[in-house]
Amino acid sequence: MTNTSKVITCKGAVCWGAGEAVRLEEIQVDPPKANEVRVKMICASICHTDITSIQGLLPFFRYPIALGHEGVGVVESVGDGVTNLKEGDMVIPTYIGECQECENCISGKSNLCLTYPMRISGLMPDNTSRLSCKGNNLYYCLTFATWSEYTVIDVNYLIKVDPIINPAHASFISCGFSTGYGAAWREAKVESGSSVVVFGLGAVGLGVISGAKTLGAKKIIGIDTNNLKREKGEAFGMTHFINPNDSDKSPSTLVKELSDGFGVDYSFECTGVAPLLTECLEATKMGSGKAISIGAGNEATVPLGHLSLLFGRTLKGSIFGGLKAISDLSIIADKCLKQEFPLEELHSHEVQLEDVNEAFELLKQPNCVKIVIKM
Ligand SMILES: [Zn+2]
Ligand SMILES: [Zn+2]
């Protein structure tokens, strides 16, 4: 028990203000306080929310910000009172906790734990920061920062995983892929034999496809403007592909043409592109269709086709795909370990932490799905 008392100086990706360039800085990482662990990151990955945090597109991000929220690492030291984790444990962060005692946790209706909620203050639960740079406290993207060699995380926002897990795949399931998978599994509760459409085939959309396939959906339609996403979708179980640029018809019309004219049972909006929310709703069956909004867009309010909604359809929003951090994410981690999903299909690019800025160019490549940042 010696290293817990020392501040570690290491490299970390920092954004000093909304819309500013990402800089690799020397940062100071404090020892963990009570109920916290300091984690040596193995790798991280990039999710759309990271871009949002760099560009300042959501109002709650604070600067300077230590970036990243997907990743996997090894516990380097533990704070007082930590009993469930020890040095050397492999962990992935989760941005919502699960106390298993609050109203939402025991209701079975929601994953939005009231005791350990998604933290948008950018600070630890005691409202202070463990990371600093040039004398400035750094804010977190959500509940931690993963694009750093070391980070400090509250133990209620971590799960332990088997150390033989593929690190890149562990990183992917810490947010994007699991969000999609959970949206099909826990939020929509897709039924066997049903029909599904997914708007946007990034890691989240591919996660929805994977979840829908596991649950026995018969028809799984993927929509994307990038034709390279067809083979990715098929790898996870997609049965039909629509590129909306190939037609003058609306995406919802194209979906109905593929589903007896009535639309699908479940529809998932993973892009955050505002007008697609109505398309997502309209693509479902009148009277019973369920649309799930997963993609965080850039607009605070979105127009919605009221008639689509009035005709008996349900629109449900979802954070982290309705997944509970302990009960559900551990099941996904187990499936990941058993290679039940072809997560290698997501792993399109890698960069070293010091070359993190190259990642933003790689994101523009049509064949880019997920970029792994190696420490
Ligand atoms: Zn994310
Ligand atoms: Zn709770």
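**Exercise 1. Which residue of strand 13 is the bridge partner of Val198? Trace the chain through the neighbouring strands of this predicted model.**

Solution.

Step 1. Begin with the pair itself: in strand 13, Gly222 is the bridge partner of Val198.

Step 2. Place this pair in its strands. Strand 12 comprises residues 195-199 and is joined to strand 13 by 5 bridges, the two running parallel.

Step 3. Follow the chain between the two strands. From strand 12 the chain passes through helix 5 (residues 203-214) to strand 13, in a right-handed β-α-β crossover.

Step 4. Continue to strand 14. Strand 14 (residues 240-242) pairs with strand 13 over 3 bridges, in the parallel sense. Here Ile223 has Ile242 of strand 14 as its bridge partner. The connection runs from strand 13 through helix 6 (residues 229-236) to strand 14, and this β-α-β crossover is right-handed.

Step 5. Consider the surroundings of strand 13. Of the 5 residues in strand 13 (residues 219-223), 4 are buried, and the strand is mostly covered.

**Exercise 2. Determine how the chain is divided into domains and describe the contact between them.**

Solution.

Step 1. Read the domain assignment. Domain 1 consists of 3-174 + 342-374, and domain 2 of 177-320.

Step 2. Establish their separation. Taken over C-alpha atoms, the centres of domain 1 and domain 2 lie 28 Å apart.

Step 3. Examine the contact. In domain 1, 18 residues are in contact with 15 residues of domain 2. On the side of domain 1 that touches domain 2, 12 residues are nonpolar, 4 are polar and 2 are charged.

Step 4. Turn to the record. An unreviewed UniProt entry annotates residues 34-162 as "domain: Alcohol dehydrogenase-like N-terminal". Residues 34-162 are 10% helix and 32% strand, with 24 Å between the end C-alpha atoms. The UniProt annotation for residues 203-324, also from an unreviewed entry, reads "domain: Alcohol dehydrogenase-like C-terminal". Residues 203-324 are 32% helix and 16% strand, with 19 Å between the end C-alpha atoms.

**Exercise 3. State the strand order of the open sheet of 6 strands and identify its edges.**

Solution.

Step 1. The order is 8-7-2-1-4-9, and the pairing in this sheet is mixed.

Step 2. Strand 8 (136-137) and strand 9 (139-140) are the edge strands, each pairing on one side only.

Step 3. Look at the edge formed by strand 8. Strand 7 (residues 131-133) runs antiparallel to strand 8 and is joined to it by 2 bridges. Opposite Ser132 stands Asn137 of strand 8.

**Exercise 4. Is Glu101 buried or exposed? Describe its setting.**

Solution.

Step 1. Locate the residue: Glu101 belongs to the loop between strand 6 (90-93) and helix 2 (103-107).

Step 2. Apply the neighbour count. A residue is exposed if 12 or fewer other C-beta atoms lie within 10 Å of its own. Glu101 has 10 C-beta neighbours inside 10 Å and therefore counts as exposed.

Step 3. List its contacts. Leaving aside residues up to four places away in sequence, Glu101 touches Ile106 and Thr115. The C-alpha atom of Glu101 is 8.8 Å from that of Cys113, a residue 12 places apart from it along the chain.

**Exercise 5. Explain why helix 4 is described as largely enclosed.**

Solution.

Step 1. Helix 4 spans residues 176-187, and because 11 of its 12 residues are buried, the helix is largely enclosed by the rest of the structure.

Step 2. Among the buried residues are Phe177, Tyr181, Trp185 and Glu187.

Step 3. Finally, examine the chain just after helix 4, where Lys189 adopts a positive phi of about 55°.

How values were computed. Residues are numbered from 1 along each chain as its sequence is written. Chains are lettered from A and ligands numbered from 1 in the order in which they are written. This is a predicted model: local features need pLDDT of at least 70, side-chain atom pairs count only at pLDDT 80 or more; totals for chains, interfaces and linings use all residues. Domain bounds come from an automatic or database domain assignment. Two residues are in contact if their C-beta atoms, placed from the backbone, lie within 7 Å. Ala, Val, Leu, Ile, Met, Phe, Trp, Tyr, Cys and Pro count as nonpolar, Asp, Glu, Lys and Arg as charged, and the others, Gly among them, as polar. UniProt positions are given in the numbering used here, feature names are shortened, and annotations may be inferred rather than shown by experiment. A residue is buried if 20 or more other C-beta atoms lie within 10 Å of its own, exposed if 12 or fewer, and partly exposed in between; C-beta atoms are placed from the backbone. Two strands pair if DSSP finds at least two bridges between them. A crossover is right-handed if, with the strands pointing away from the viewer, the path from the first strand over the helix to the second runs clockwise.
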